[in-house]
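Colleague: Got a minute? I'd like to go through this one with you.

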Amino acid sequence: MTRVPSLRALAVAALAAAAGACAGAGRYPAIPAPETLPEGSPLLSETLHPGDAWLRHYLMAGDADAALALLEGRGGPRDELLRRLQQGVVLHQAGRWAESNAALEWAEREAEQRVTTSVSRLGGMLVLNDASARYVPPPAEMAMLPYYRMLNYLALGDADAAAVEARKAGAYFGALRDRGAGEPCVGEGLVQYLSGHAFARAGEANDALVSLRQAERAYQACEGAAPPPELGADLYRWAMRAGVGEVAQQAAERYRVPPAAADGDAGELVVLVEHGWVAHRAHADIHVPVFPHELDSLNSGSGGAVTSTVVGVVAHTAANLIEQAEWGDAWEERPEVQIADALDGAYIMKLAWPVYRLESLSAPEVRVVVDGEPYDAPLAGDLSAAVLRRWEAQRAGMLARLVARGVVKYLV
């Protein structure tokens, strides 16, 4: 019997692209005529920075040398951490596994240092623009570092090193939970699933079972993310090999796994298909009117009055954003309304509100045929969904900071 558990990872083609990287002011080639570009070409995007658009274009074309030249030149990100993250992914896509690991190792050390020191800088973020701070990778990107390094080591034939990366992944997710920052929707299910296969390749049955159970927990904790059906067969097989019959029986009942799934003579083919791009960050201008009575409070010099006014403006802005999201337009975003408010004495505060854009074709149906038997590949992970969930959780705090900065600029 040939059992084919296949993983399909949606939107993991460019790790650092999720950050909305800001590239330098280098020169880029002339964009080809739109009719000559393929459907969904990044060069047709109206929100991607030119550097990110060309990087994605080169990856789509399979031109790793051009992508690396872009990153190493003036067109690459100004932030060295972003540069190394993107280099690591490009080198992985090019099959240059050892070089990819070297870039990602540097990025991992630097990212851990920045995560540690970023908390102490939060006080200054009230008056600084977010874009002026050094880039700190969010959990969804940190989780992908051991993911790519596991794949690199497996491609190099070093199962023991891949198992080390799997342990690092497990430790990272455990640390998130220990400090109360556990976010199961940051790709943990996908990464832990791959960790289970890495441990299995190294012959470590107990660790493989632990990672697979953690993957199941993460999938279940993430709303709307059901575990891939093959996970049940993996749980059953490795629980049997680890001698944990009760866990094997529970997996068999939950996933309706046939006993043949534990056949030690069965071959195993794991297929990972990465498709699309992670949703990227762009900006949309929003205009917030601060009315005369609110200006009087801000100019009063009273700390309580200023705080109360900021809270009111934040609530007002949030209502406008909800209206815009629901109807595609907000009354106070209309130029004639802004002019009327200004004539009535209002101060029109212009803010750059971050938004995420998903400009990627839908993932195709993937089917693997082995010995004449077709196997459909289920979705194992959607990193864009992880990015968007985290953004939803952060919007309120980010809105408050944006308004507070606008108020500080007005007072200055």
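Modeller: Sure, we'll take the whole chain, then one helix and its neighbour.

Modeller: This is a predicted model: local features need pLDDT of at least 70, side-chain atom pairs count only at pLDDT 80 or more, and totals for chains, interfaces and linings use all residues. Residues are numbered from 1 along each chain as its sequence is written, and side-chain values use heavy atoms, without hydrogens and water.

Colleague: How many helices and strands does the protein have?

Modeller: There are 14 helices and nine strands. Both are DSSP runs, numbered from the N terminus: helices are H or I with at least four residues, strands are E with at least two.

Colleague: And how much of the protein is buried?

Modeller: 47% of the 412 residues. Buried means under 20% relative accessible area, exposed over 50%, partly exposed in between, with a 1.4 Å probe and protein chains only.

Colleague: New topic. Where is Pro50?

Modeller: Pro50 sits in helix H1, residues 50-60. Pro50 has 40% relative accessibility, so it counts as partly exposed.

Colleague: How do H1 and H3 pack?

Modeller: H3 covers residues 80-93; the angle is about 15° and the axes are 11 Å apart. Axes are lines fitted to C-alpha atoms, for helices over the stretch in contact, and angles run from 0 to 180 degrees between N-to-C directions.

Colleague: Why are H1 and H3 called roughly parallel?

Modeller: Because angles under 35 degrees count as roughly parallel.

Colleague: Which residues meet there?

Modeller: Asp52, Leu55 and Leu59 in H1 meet Gln86, Val90 and Gln93 in H3. Contact means heavy atoms within 4.5 Å.
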